[in-house]
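Here's a short set of exercises to work through with the model open beside you. Try each task before reading its solution.

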Amino acid sequence: MLKPMEAAYLAGMIDGDGTISFKNIDSIEHQNSVITISSSDLKMLVYIQSMLNGSLSSKKITITGSITYLYSLEIKMNESVYGALKQIQKLLQSHIKIQEVERVLDQYKPESRAILPPNKTPRDMLVLKKAY
């Protein structure tokens, strides 16, 4: 859970520089929600990364003859990101971003994970697999 100040900061960043989209993983039927925030301020993106994880990338660009770097933070949807989006939803100001967040929250389905009891041998795992 985000602190109130972190939630407000994240809402402002998503409102201003964020994009919420769906990325195909295997096929059109299997998509993952992704939040992308781009900025030339690496420290700010690292701060957001510390809250929600994600992967950083950089691109070298030239603006009026001067070389600078543009950084992007890509955050894939998971349960903690879902909780953060629920928390910041009421803080967003942009109607488009509000609709994007609502769509992502409505369509998010956590991936089911197989949980095996501890200390099972491979033969026991095969029996468990057949039972499902």
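**Warm-up: His 95**

Task: Find the helix that holds His 95, and decide whether this residue is buried or exposed.

Solution. Step one: His 95 sits in helix α4; helices here are DSSP runs of H or I with at least four residues, strands are E runs of at least two, and both are numbered from the N terminus. Step two: with a relative accessible area of 64%, His 95 is exposed. The scale is simple: buried means under 20% relative accessible area, exposed means over 50%, and partly exposed is in between, using a 1.4 Å probe and protein chains only. Step three: look across to Asp 15, which is 80 residues away along the chain, yet the two C-alpha atoms are separated by 9.3 Å.

A word on the ground rules: this is a predicted model, so local features need pLDDT of at least 70 and side-chain atom pairs count only at pLDDT 80 or more, while totals for chains, interfaces and linings use all residues. Residues are numbered from 1 along each chain as its sequence is written, and side-chain values use heavy atoms, with hydrogens and water left out.

**Exercise 1: the overall layout**

Task: Write down the order of helices and strands, then work out what share of the chain is buried.

Solution. Start by counting: there are five helices and four strands. Going along the sequence, they come as α-β-β-α-β-β-α-α-α. Next, burial: 29% of the 132 residues are buried. Finally, check how far apart the contacting residues are, where contact means heavy atoms within 4.5 Å. Of the contacts with a separation of 6 or more, 53% are between residues 24 or more positions apart.

**Exercise 2: the two sides of α2**

Task: Sort the residues of α2 by burial and explain why the buried ones share a side.

Solution. First, pick out the buried set in α2 (residues 42–52): Met 44, Leu 45, Ile 48, Met 51 and Leu 52. These residues cover an arc of only 110° around the axis, so they end up on the same side of α2; the arc is taken from the directions from the helix axis to the C-beta atoms. Now flip the helix over: the face turned away from the buried side carries Lys 43 and Ser 50, both exposed.

Then check the ends. At the start of α2, a side-chain oxygen of Asp 41 comes to within 3.3 Å of the backbone nitrogen of Lys 43. Just after α2, Asn 53 has a positive phi of about 65°. Asn 53 belongs to the loop between α2 and β3 (55–63), and is exposed at 52% relative accessible area.

**Exercise 3: Ser 39**

Task: Describe the surroundings of Ser 39, starting from its strand.

Solution. Ser 39 lies in β2 and is buried, with a relative accessible area of 12%. Its side chain reaches the backbone nitrogen of Asp 41 at 3.0 Å. Skip the neighbours within four places in sequence, and Ser 39 is in contact with Met 44, Leu 45, Leu 70 and Tyr 71.

**Exercise 4: the core**

Task: Find the largest nonpolar core and say which elements feed it.

Solution. Collect buried Ala, Val, Leu, Ile, Met, Phe, Trp, Tyr and Cys residues and join them through side-chain atoms within 4.5 Å. The largest such core has 27 residues, and those with the most contacts inside it include Leu 10, Ile 14, Ile 48 and Ile 88. At least two core residues come from each of α1 (4–17), β2 (30–39), α2, β4 (66–76), α3 (79–88) and α4 (95–107). Zoom in on Ile 14: beyond its neighbours within four places in sequence, its contacts include Ile 35, Leu 85, Leu 92 and Lys 97.

**Exercise 5: aromatic pairs**

Task: How many aromatic pairs are there, and how is each arranged?

Solution. Use rings of Phe, Tyr and Trp (its six-membered ring) with centres within 6.5 Å; planes under 30 degrees apart are stacked, over 60 edge-to-face, and the rest tilted. A search of the whole structure gives two pairs. Tyr 9 and Tyr 47 are edge-to-face, at 5.5 Å centre to centre and 75° between the planes. This pair links α1 to α2 across 38 residues. Tyr 69 and Tyr 71 have centres 6.3 Å apart and planes at 25°, so they are stacked. For burial, Tyr 69 is partly exposed at 39%, whereas Tyr 71 is buried at 17%.

Notes
Polar contact = N/O pair within 3.5 Å; in protein donor to acceptor, adjacent residues only side chain to side chain.
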